[in-house]
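Here's a walk through one model, written for someone who likes to know where the empty space is and which side chains sit around it. Have the viewer open while you read.

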Amino acid sequence: MLQITNKIQVDFFNQLLIGNKKQCSEIVNTLLCNNVPIKLIYEDLFKVSLYKIGELWEYNKISVATEHLSAAIIESILNENYLQIISEEKINKNVLLCCVQNEFHQIGVKMISDIFEINGWTSFFLGSNVPAKDVILFSKTISVDVIAISISIYAHLPELIALIEKFRLNFPKTTILVGGQAFIHGGKEKLLKYHNVIFLPDILSTELFIKKMNAYE
């Protein structure tokens, strides 16, 4: 199996920065053709690149336009490969995924949505910047086994806490997963007071959680 080396990471990242979608897509297709698991592509290629781009944007090293273009390229590659990676064998479990209000970075939680679907779950991916009241209203229309919330910007931690509290009020026993780049700057301790709210730092820990849940199916 081909490994995702530092050279591949650097090449992909550099092609992202100059907006070379074709080359980025070819790198990913080469990895897939060499049986590299999609979870490793998500974790060791996409996530690594997105975090670097986020840091460059945060410190004004790249423009908003470059940041948006890079994100759009990765999201388009996710969409290109969606039908190839999802499982046709479905289990009777649903996950609802969203970003906190005022967040516009949705790729991380979209990758988490794909990982759930690879493992047979039905995902309800709401995307970015959905008002909390609408997230709650929609959640009441489906049977939810797990809720997953993404936060990319540390300053939005109050919005995360507010959303968790709304979910806890309406779904007191449902497991809530939380993750995202914001926690690089801290904040995990604020989750401890909430029952059954779990911080998952990466895609691999998320898949481990999913497999444990599937074992109870």
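What follows covers the domains, the pocket, the cavity and then a handful of individual residues.

**Domains**

Keep in mind that this is a predicted model. The chain splits into domain 1 (6–84) and domain 2 (94–215). Taken over C-alpha atoms, the centres of domain 1 and domain 2 are 23 Å apart. As for how they meet, 19 residues of domain 1 are in contact with 18 residues of domain 2.

**The largest pocket**

How much volume does the largest pocket have? It comes out at about 930 Å³. The lining of the largest pocket takes in 43 residues, and those nearest its centre are H105, G108, S150, S152 and Q181. Several elements give two or more residues to this lining: helix 3, helix 4 (64–85), helix 5 (107–118), strand 3 (146–150), strand 4 (175–179) and helix 8 (203–214). Which helix gives the most to the lining of the largest pocket? That would be helix 3, with eight residues.

Both domains take part in the largest pocket, with at least three lining residues drawn from each of domain 1 (6–84) and domain 2 (94–215). If you're thinking about the chemistry of that lining, the residues divide into 22 nonpolar, 14 polar and seven charged.

**The cavity**

Searching the whole structure for cavities of 30 Å³ or more turns up one. The largest cavity has a volume of about 40 Å³. Around the largest cavity you'll find V28, L32, I38, Y42, F46, I77, L78 and N81. Helix 2 (21–33), helix 3 and helix 4 each supply at least two residues of that lining. By type, the lining of the largest cavity has seven nonpolar residues, one polar and no charged.

**Charged residues that are buried**

Now for some charged side chains. The table puts four of them side by side.

| Residue | Element | Relative accessible area |
|---|---|---|
| K47 | helix 3 | 15% |
| E43 | helix 3 | 10% |
| E207 | helix 8 | 10% |
| R168 | helix 7 | 14% |

Why does K47 count as buried? Its relative accessible area is 15%, and buried means under 20%, so K47 falls on the buried side. Setting aside residues up to four places away in sequence, K47 touches Y42, M111, P201 and D202. One of these partners shows up again as a polar contact: the backbone oxygen of P201 lies 3.0 Å from a polar atom of the K47 side chain.

E43 also sits in helix 3. Leaving out neighbours within four places in sequence, E43 is in contact with V48, D202, I203 and L204. D202 therefore turns up in the contacts of K47 and in those of E43, with both of these residues buried.

Over in helix 8 is E207. Its contacts, not counting residues up to four places away in sequence, are K39, I115 and N119. For a sense of distance, the C-alpha atoms of E207 and A71 are separated by 23 Å, with the two residues 136 apart along the chain.

R168 belongs to helix 7 (residues 157–170). Again not counting residues up to four places away in sequence, R168 touches K173, T174, T175, I176, H195, N196 and V197. The R168 side chain also reaches the backbone oxygen of P172 at 3.4 Å. The C-alpha atoms of R168 and A72 are 33 Å apart, and 96 residues separate the pair along the chain.

**Two asparagines with positive phi**

N196, one of the residues touched by R168, has a positive phi of about 60° although it is not a glycine. N196 is in the loop between strand 4 and strand 5 (197–199).

N35 is another non-glycine with a positive phi, here about 65°. N35 lies in the loop between helix 2 and helix 3.

How do the two loop residues fare for exposure? N35 has a relative accessible area of 59%, which puts it over 50% and so makes it exposed. N196, at 24%, counts as partly exposed because its value is between the 20% and 50% limits.

Terms used. Residues numbered from 1 in each chain as written. Predicted model: local features only at pLDDT ≥ 70, side-chain atom pairs only at ≥ 80, totals over all residues. Heavy atoms only, no water. Helix = DSSP H or I, 4+ residues; strand = E, 2+ residues; numbered from the N terminus. Buried < 20%, exposed > 50% of the residue type's maximum accessible area, 1.4 Å probe, protein only. Polar contact = N/O pair within 3.5 Å; in protein donor to acceptor, adjacent residues only side chain to side chain. Contact = heavy atoms within 4.5 Å. 1 Å grid on protein atoms, 1.4 Å probe; cavity = no way out; pocket = protein on both sides within 12 Å on 5 of 7 lines; lining within 4 Å. Points joined across faces, edges and corners; volume = space filled by probe spheres on them. Nonpolar A, V, L, I, M, F, W, Y, C, P; charged D, E, K, R; others polar. Domains from an automatic or database assignment.
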